[in-house]
Every structure is written in C-alpha cells, then in structure tokens.
Amino acid sequence: MEQNVSSTPEEMLSGQPPQSPEAPQRQAWLSTHAAHVGKWLMVCFWVRIAVAAVNTLGRSLKISDNLPMRVLTYAVSVCMFLVFWQLGKANRRFRAAAFLELLSIGTMVGFLGASPDILRKGTEDPGSAILPLTVWFVATFALYTAECCLRMTACAGILSGVDAALAQKWRALRGWTMGILIALTVTFLPMLSLLRGAPTLFFISGGSILLLIAMLLEAIGLLVTSIIELIYLYRSAKLFKALAQPRTEEKSIRPENLM
C-alpha cells in the first residue's frame, strides 16, 4: 500500500515533487554522519590498498618464518578492524564486519602458530595435512566471505537515499564477489584431496588441469572485483565529503562563530 505524501504550497507552486517522509530523516542523518563517513571511507580506501600490498608480499615470502612480515600482517588487520569500528557509528553492519575481522586475525594467528608442525608432519605423511588445511581454508574463506558481504551491504546501506545508483553498484559488486568466492571454495577443496596421494579417475583424466584453469579465472575475477571495490570506496568517500562540505561552511559563517 502506498503512503500519501502531502505537499506544501511552495512545492505545488514550484512544480517540484513532494519530499518523502524519509527525506528529513536522511537529511538529519547526513548532518550528523556525512563528514565522519567521508573521512573513514577514505581511510578504508588506503587501508584496503595496504592490505592488498601486504598480502602480495606475504605470497612471495614465507610469513611463518618472517617475523616482521607476520607483525605487518597483524597490523593491517587491526587497522581494518579499527576502521570498521569507526564506520559502525553510521551503520551497525560495519561493527559486525569488525568482529569478523578480529576472528580472521585469530584464525591467522592459530594457523601460523601451528603451520610449522603441520608442514613437518605433511612431509612425512601428506595425508595427515589435509584435515587441518581443509579446516583452516574453510574457516578463513567463510569469515572472509561473511565480512565482504557485511562490508558491501553496509556501504550500500549508507548510500541508500543519497546515491541510489552507487548503492545499486555496491549490491551488484557484492553479488559478483560472493559468487566468485563460493566458486573458488568449490574448486579448491577437491585439490586438497591430492595430498592423500591417491588421485581419482577425475584427476587422472585431466580434471586437475580444469580445476587449475577455473581457479586462475576465479583469482582474476577476485582481482577485478577488488579493484572495482577500491573505485567505489573512493567515489563513496568523495561523495560524503562533498555532502559534508556545505554544512561545514554553513557552520563557519554563523554569527556566533564570527565573534
């Protein structure tokens, strides 16, 4: 059922459509949160770049044997937690993403602490490493997938009523990212069965090559979505900063501020 929206005489004479009941609430929300959201979205943009850089270095170095690299990995994760916590003042889903970031740090600490023993046993008996690796992989991807979903949903939420087109782009990006992450999980788990040393007919007939090609395409897809996310983060931050600017200037020219 549609709600009737009454229009003022000024709106009727100007020919402009009447404001919805949510418009004053959105304006009040922007007055309170626009500057804060713009600031911390821009911080999130730079921290996401730092996370990508550290992850790239981590793949080329043995993190478990490199203490400075391990500390740097923890540091950027803590920074990401703090950014989400600050953004949680505008949307509670960011707070939930912050808690998942903490759980990811705990999972990482646990795996890096146990990885030397897992790798040592894995060299003696490859099959013994499959269970802890599978548990770690599933836990890590589950946390990351949930965090991505909450993060992008929150970004779309704070843009609702501000920039509908950009909010819809965040939702579309969320769908693509979730699909790629789920596909990557489905294709990677069978590869772990090769550690048992007993390849099935699927792998003998060339199935492993198909899985590797699929994983390569999915990795490229994740790279593309990560770049698009950075673009959307930057655009969202600039939008909220622009919305906060007039209010900042208006406060600065009030008579009480000029005295």
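This is a short tour of a predicted model, moving from one selection to the next.

**Helix α6 and T187**

Begin by selecting helix α6, which covers residues 164-192, and then pick out T187, which is found within this helix. Is T187 buried or exposed? T187 counts as buried because its relative accessible area is 11%, and the cut-off for that word is under 20%.

Now show what surrounds T187: leaving aside its neighbours within four places in sequence, T187 is in contact with L211, A214, M215 and E218. If you also select L210, you will find that T187 and L210 are 23 residues apart in sequence, while their C-alpha atoms are 9.4 Å apart in space.

Which side chain forms a polar contact of 2.9 Å with the side chain of T187? The partner is E218. Turn next to the backbone oxygen of L184, which lies 3.1 Å from a polar atom of the T187 side chain.

**F188**

Move on to F188, whose place is also in helix α6. With a relative accessibility of 25%, F188 counts as partly exposed. Once neighbours within four places in sequence are set aside, the contacts of F188 are F137 and M215. Select F188 and M215 together, and you will see two residues that are 27 apart along the chain but whose C-alpha atoms are separated by 7.2 Å.

**R48 in helix α2**

Go now to helix α2, residues 22-60, where R48 lies. R48 is described as buried because its relative accessible area is 13%, again under the 20% limit. To see its surroundings, display M80, Y144, R151, E229, L230 and L233, which R48 touches when residues up to four places away in sequence are not counted.

**The nonpolar cores**

In soluble globular proteins, nonpolar side chains tend to be buried together. The largest nonpolar core in this model has 38 residues, and those with the most contacts inside it are L41, I158, W170 and F240. Colour helices α2, α3 (67-87), α4 (92-124), α5 (130-159), α6 and α7 (201-252), since each of them supplies at least two residues of this core. The largest share, twelve residues, comes from α2.

For a closer view, select I158, which touches R26, W29, V37, L41, A90, N91, F94 and F240, not counting residues up to four places away in sequence.

Finish with a second, separate core of nine residues, which includes F141, I180, L181 and M215. M215 is a residue you have already met on this tour, as a contact of T187 and of F188.

How values were computed. Residues numbered from 1 in each chain as written. Predicted model: local features only at pLDDT ≥ 70, side-chain atom pairs only at ≥ 80, totals over all residues. Heavy atoms only, no water. Helix = DSSP H or I, 4+ residues; strand = E, 2+ residues; numbered from the N terminus. Buried < 20%, exposed > 50% of the residue type's maximum accessible area, 1.4 Å probe, protein only. Contact = heavy atoms within 4.5 Å. Polar contact = N/O pair within 3.5 Å; in protein donor to acceptor, adjacent residues only side chain to side chain. Core = buried A, V, L, I, M, F, W, Y, C linked by side-chain atoms within 4.5 Å.
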